[in-house]
Each structure stands twice: as structure tokens, then as C-alpha cells.
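Biologist: I would like to learn how to read a few local features in a model. Could we take them one by one?

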Amino acid sequence: MSPKTLYDKIWDAHVAHEADDGTCLLYIDRHLVHEVTSPQAFEGLRMSGRKVHAPDKTIAVPDHNVPTTLDRANAATMTEDSRIQVEALDKNAADFGIHYYPVSDVRQGIVHIVGPEQGWTLPGMTVVCGDSHTATHGAFGALAHGIGTSEVEHVLATQTLIQKKSRNMKVEITGKLRPGVTAKDITLSVIGHTGTAGGTGYVIEYCGEAIRDLSMEGRMTVCNMAIEGGARAGLIAPDEKTYEYVMGRPHAPKGAQWEAALAWWKTLYSDADAHWDKVVTIKGEDIAPVVTWGTSPEDVLPITGKVPAAEDFKGGKVEAAKRSLEYMGLEPGTPLNQIKIDTVFIGSCTNGRIEDLRAAAEILKGKKIAVKRAMVVPGSGLVRAQAEEEGLAQIFIDAGFEWRLAGCSMCLAMNPDQLQPGERCAATSNRNFEGRQGRGGRTHLMSPAMAAAAAVTGHLTDVRELM
Amino acid sequence: MEKFTKLSGIAAPMPLVNIDTDMIIPKQFLKTIKRSGLGVNLFDEMRYDGEGKEIPDFVLNKPQYRDAQILVAGDNFGCGSSREHAPWALLDFGIRCVISTSFADIFFNNCFKNGILPIALPQEQVDILMKDAEKGANARIEVDLEAQTITSSDGEVFSFEVDAFKKHCLLNGLDDIGLTLEKAASIETYESKMAAQRPWV
């Protein structure tokens with residue numbers, strides 16, 4: 001047998017039909033659903049009289065629109081259009097008999113945090129969701145990617161996707177990370193290196209010692225932003241850490257099935273002589289704590305750097321950089337650590353897990369914020385509960401942070417959590433696009449520890465100075 | 001889905017690179033439970049000021065481009081989120097074809113599901129078509145999907161690549177789900193095999 005990559009193996013295990021031209025029907029093991037990209041898909045099913053093909057493999061949770069304030073049980077906290085979308089999901093989940101975590105359920109949260117937390121996401125699976133950050137689940141060695149609403153309807157109706165295979169790309173992070181450097185710095189640095197289209201047409205497998213050393217939470221952060229590098233999906237081969245994380249979760253296999261699953265999972269790695277269409281290697285020791293300065297996730301620099309000038313770039317990027325600098329209100333040559341911050345947002349499917357909250361709390365312990373507002377939004381109700389039990393919530397509250405309920409919150413501002421025009425935010429989320437966090441809002445992406453550091457100094461800060 | 005065969009139309013130039021889905025349709029317009037009506041908010045934050053007034057400099061607000069059916073855009077068009085609202089908004093405005101050097105993967109797929117043809121061409125050809133588009137309403141670009149060619153207003157012809165299956169669906173306006181359900185037997189066979197092999201799934 002010819003050597004295979006991990007992606008090849010998962011792909012081959014899910015082809016239900018292959019046409020002569022290589023177009024495949026890829027079988028989908030888990031379909032995650034949220035309120036924003038699904039209403040038209042369910043409507044399509046109703047209009048054509050179709051059912052959900054595999055309701056037991058379909059899991060829904062509202063996250064994008066839900067308010068994160070403590071009074072959200074009060075319907076008035078949601079705008080009417082948001083409420084209509086959430087109520088549509090309530091109804092669709094009931095009508096079509098799919099698994100559902102409503103807003104009132106303690107397990108509710110961001111779909112990409114709930115899936116792994118509940119054991120829905122398992123190694124070797126295919127996972128899709130009408131959300132580009134589905135790449136997150138790749139941390140388990142699952143082939144996971146975002147789809148559009150037409151494809152959501154297609155998966156609901158057939159449990160398959162029409163797909164052609166992507167190419168194989170290896171991103172290796174060798175050696176150890178330096179102190180203060182996290183999974184977020186890895187994933188941002190990779191995008192800074194390859195650009196936002198560097199992964200287009202590929203599925204990325206992240207490997208190397210620095211990736212192996214990451215916890216499951218860190219690996220989810222890395223894979224989450226594979227899409228920001230343009231890749232269809234990001235993958236990390238499962239290992240003992242993966243099995244340990246999965247074992248005992250509500251929907252993980254048990255007993256003899258666990259043993260059978262484990263035996264298969266242990267075959268899920270890229271063969272030593274597998275073919276790679278593209279390889280990127282970065283030394284772990286070369287990665288510094290980074291921030292973004294512009295309006296594309298590829299606009300990444302070490303915190304020790306300075307705001308670049310548009311002329312530093314080539315081709316179409318010159319115009320884009322000029323526009324970014326104007327939008328961000330930044331002068332070329334300004335040291336990044338002198339940029340003043342108004343707001344700090346810690347949360348999102350990129351960095352809303354328990355380890356992220358621990359890292360931020362570590363920096364905040366005994367300190368006060370020096371920004372206008374700061375909020376922590378746990379990724380799920382269960383993350384929130386655990387953070388309260390570990391005393392992290394109190395650290396945040398004592399420092400002056402708002403301690404919120406679970407949801408997507410200010411990552412995409414489809415809910416009441418939004419920036420005002422010109423407001424500058426240190427954010428642990430994944431996109432710094434124009435208007436992403438609110439019209440005119442200015443976003444700098446970074447790790448939770450770096451966001452916490454900015455919160456206590458009032459400007460972008462090298463977290464290593466506070467350690 | 002509406003068929004796409006031939007299109008002769010005005011092309012609007014948008015040379016900016018990395019035009020993302022948040023620019024194409026900002027998140028506040030994703031709260032609809034319908035597919036239609038998004039055209040008025042296409043490129044909303046670039047097209048209107050804070051008071052909702054048109055920004056005259058924005059390309060689609062210029063008289064010569066108000067009826068554009070083609071966009072010629074910079075690298076990596078459609079990067080960002082999976083929101084199908086992006087192609088819905090383009091379609092609702094009247095855009096049936098986007099030409100660029102490269103597209104983000106999910107956006108690219110979403111276009112084909114909605115009767116929009118995304119065409120990737122080498123930089124030098126996009127540059128020529130961009131110049132053509134800058135001429136405004138006097139320069140109509142022709143796209144022929146069957147022949148896989150684009151003809152500039154000067155009569156220069158470029159050929160483009162398109163996946164054979166996607167082309168077939170677009171030419172005939174076919175519904176993917178219907179096509180897949182013709183293969184229901186293969187899906188059932190796969191499912192019963194997996195029930196034995198990987199029962200934990």
C-alpha cells in the first residue's frame with residue numbers, strides 16, 4: 001500500500017461514492033448546527049418535503065446571536081431579528097428531532113467548544129458546520145471544515161457532502177516554545193508566514209515537537225485559525241493527550257466500543273514517507289508573542305516590532321496596507337507596545353476554553369485593569385462553571401473584568417457586545433477585519449495572556465515583562 | 001438555481017486584495033431567515049456612510065457601475081466566514097460572475113450553489129480585465145461558460161478552468177441534493193458497512 005497522510009486516511013475512510021472525475025460523496029459523521037447559517041437550510045427541507053437523514057449525528061446550539069449578559073433570560077435583551085433566529089432553531093431542532101442545547105441549558109456555548117466538550121468530536125471523524133471555524137475540531141485528528149448554507153441543507157438531507165480532495169500541506173513547528181509564547185502565537189505566526197491565501201486548496205497537518213507539547217485546548221486554538229490561512233481544514237494526529245481528553249465524555253464510546261475505537265485511532269497518523277504537496281517549517285524558538293496591526297489576520301508582528309509602512313509591502317498589498325493603517329488609525333514606525341487600548345475581549349472559539357482563562361487569570365491576579373472596559377466570555381456554560389470553581393472568575397471580577405455568560409460575543413458582534421467606531425480592542429478572537437467587532441471598531445488579535453497584559457497596562461504589552 | 005450559460009455585462013473593478021465576507025455582507029445583515037433581499041446591503045460599510053447615505057466614490061455607487069453583473073477583484077476574494085449570505089447578496093445585487101486571481105475555498109463553493117461563476121485567472125489577465133472594467137459602461141465583458149472563455153471589450157479572449165461537475169450543474173441549473181439522492185443506495189451501503197466497522201460513530 002502506498003504511504004498516506006492522516007488526511008488521506010480519513011478521506012479514504014469516508015468516501016461513500018466516487019464518480020469518474022474524482023468527485024466524491026464524503027460521508028459526514030457529525031453535523032454541528034447554529035442559528036445563523038441554518039434557517040434557510042431547514043426551510044429548504046420543509047419546502048421539498050425532506051427529512052434530516054441522520055438526526056442522531058446532528059447537534060445544534062445557538063451561539064452567535066445570544067446575549068452574554070447575566071439577564072439574558074429576559075427576552076428583551078435580544079433584538080427581534082436575533083430572537084427570531086434563535087426561536088427558529090428551537091423549533092427546527094424539535095421538529096426534526098436533532099440533539100439540542102438551548103440557551104437555558106448549562107451546556108450551551110460556542111458550537112466549537114460544546115462539540116469537543118460533550119465528546120461529539122472524536123478522532124478520525126468528518127465534522128462539518130455552517131461556520132468557518134469548524135476547523136477547530138481538527139485538533140482531535142478529525143477532518144473538520146466550514147460549509148455554506150446550501151451545503152448545510154445537503155448534509156441534513158443526505159449526510160454527505162459533494163467534495164473533491166484537497167492537497168496535503170505540512171506545517172511543522174520544531175523544538176520548544178519560549179516562555180510567554182502560546183498556541184495563539186503559533187497559529188498567528190504561521191498565518192503571518194504563509195499569508196491568508198497560503199493554505200488555499202490544502203488541508204494542513206500541524207506537527208512537530210511544539211505541537212505535540214500543546215494541550216488539547218492549545219491544539220484547538222491552532223487548528224481553529226487554519227481557515228484564516230486559507231486552508232480547508234487543519235489537523236493534528238491524535239495521541240495519548242487526545243484519548244485522555246476524550247475518555248469519559250458524555251458521547252465518547254465506552255467499554256468494548258472504546259477499545260475498538262482506540263485501536264483504529266492509533267492508526268491515524270501520516271506515514272513517514274507520505275507525499276506532501278507543500279511543507280512549511282518554523283522553529284518554535286523563533287516564535288515570539290505576537291499581535292496583529294492591520295485588518296487581515298496575516299498582518300502579524302512580534303510585540304517588540306513597529307507599525308509598518310504601506311511601502312514595506314508589494315503588489316496589491318500596498319493599497320490594502322494603506323487602507324488598513326488608515327482604518328486602524330496607526331502611524332508607521334510607532335512601537336507596537338505604545339498602542340493604547342480601550343477595550344479587552346477574552347473569549348471566542350479560538351480562546352474561550354478553561355486553559356485560556358487560566359492563562360489570562362495568571363497575569364491578572366492581584367492587578368486592576370487600566371482600560372475602559374474588559375470582558376471575559378467563557379466558551380460554554382461548563383467552562384464558566386469550572387472557572388468559578390477554580391476561583392478564576394473572582395480574579396477577573398476583582399481585576400475589573402465583566403464576567404459573562406457563554407456565546408460568540410464580541411468576536412463577531414452579532415449580539416449586543418460590540419465596539420463603537422474608533423474603539424480599540426485587544427481581542428483573543430480570530431478576525432481583525434474592518435467592522436468585524438462593530439462598525440469602525442479596531443481589533444488587535446493576540447493570546448489570552450497578551451490580552452490580559454494589555455488590560456493591566458492600558459496598551460499593547462509584551463507579556464514577558466509581567467511574568 | 002438559475003442557469004449560467006453566457007453573460008455579457010458591465011464589470012466593476014475592485015482591485016483591493018483580501019476582500020473578506022465581512023466586507024461583502026456585514027454581520028448585522030445575517031439575521032435574516034430568507035435568502036433574498038440582501039443586495040441593498042452588499043458591501044454595506046464601504047457603500048454607505050454612518051447615516052446610511054451612499055458614498056459616491058464607492059465603485060458600485062458610480063452611475064456607470066450600478067448595473068454591473070461582473071466583479072473584477074484583487075487576490076483572495078471572499079476570505080473569512082462561511083456565510084452564504086455573501087453570494088446571496090452579490091446575486092441579489094445582480095452580480096453573476098466574479099473574476100480574481102484566487103478565491104477563498106468556502107466562498108468559491110458557495111458561489112456555484114447559487115448560480116454565480118467565480119473565475120480564477122493569472123495576474124496578468126486579471127490586470128487586463130481590471131483595466132477593461134475601469135472603462136465603465138462602454139466596456140462589456142463576455143463570459144461563455146460552455147466554451148470556458150472570457151472576451152474583453154477589445155476582443156481579447158482568455159480561457160479559464162472550471163471543475164467539470166460544477167460546470168455541468170451551473171449550465172443546467174441543477175440542484176445538488178436531487179443529484180446526490182440518486183446515489184442513495186451508495187450512501188446506505190456505506191452506512192451499513194460503517195455500522196459494523198465503526199459502531200461508535
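Modeller: We will go through a lysine, a nonpolar core and two backbone angles in this predicted model.

Biologist: Where is B:Lys31 placed?

Modeller: B:Lys31 sits in the loop of chain B between helix H1 (21–24) and helix H2 (44–47).

Biologist: Which side chain of opposite charge is nearest to B:Lys31, and how far away is it?

Modeller: A salt bridge needs the charged atoms within 4 Å. The nearest candidate, A:Asp81, is 4.4 Å away, and B:Lys31 is buried without a salt bridge.

Biologist: Which side chain makes a polar contact with the side chain of B:Lys31?

Modeller: That of A:Ser82, at 2.8 Å. In addition, a polar atom of the B:Lys31 side chain lies 2.4 Å from the backbone oxygen of A:Met414. Beyond its neighbours within four places in sequence, B:Lys31 also has contacts that include A:Asn65, A:Thr79 and A:Gln85.

Biologist: Which residues touch the most other members of the largest nonpolar core?

Modeller: B:Phe43, B:Phe77 and B:Leu90, in a core of 87 residues. Helix H16 (residues 448–457) of chain A supplies the largest share of this core, eight residues. Another core, of 62 residues, lies apart from it and includes A:Tyr101 and A:Leu122.

Biologist: What is the phi of B:Asn18?

Modeller: Most residues other than glycine have a negative phi. B:Asn18 has a positive one, near 55°. This residue is in the loop between strand E1 (6–14) and H1 of chain B, and is buried at 11% relative accessible area.

Biologist: Where is B:Gln148 found?

Modeller: In the chain B loop between strand E5 (140–144) and strand E6 (149–151). Phi of B:Gln148 is also positive, near 55°, and B:Gln148 is buried, with a relative accessible area of 18%.

Note on methods: Residues are numbered from 1 along each chain as its sequence is written. Chains are lettered from A and ligands numbered from 1 in the order in which they are written. This is a predicted model: local features need pLDDT of at least 70, side-chain atom pairs count only at pLDDT 80 or more; totals for chains, interfaces and linings use all residues. Side-chain values use heavy atoms; hydrogens and water are left out. Helices (H or I, at least four residues) and strands (E, at least two) are DSSP runs, numbered from the N terminus. Buried means under 20% relative accessible area, exposed over 50%, partly exposed in between (1.4 Å probe, protein chains only). Lys and Arg count as positive and Asp and Glu as negative; His and the chain ends are not counted. A polar contact is a pair of N or O atoms within 3.5 Å; within protein, one must be able to donate a hydrogen and the other to accept it, and residues adjacent in sequence count only if both atoms are side-chain atoms. Contact means heavy atoms within 4.5 Å. A nonpolar core is a set of buried Ala, Val, Leu, Ile, Met, Phe, Trp, Tyr and Cys residues joined through side-chain atoms within 4.5 Å.
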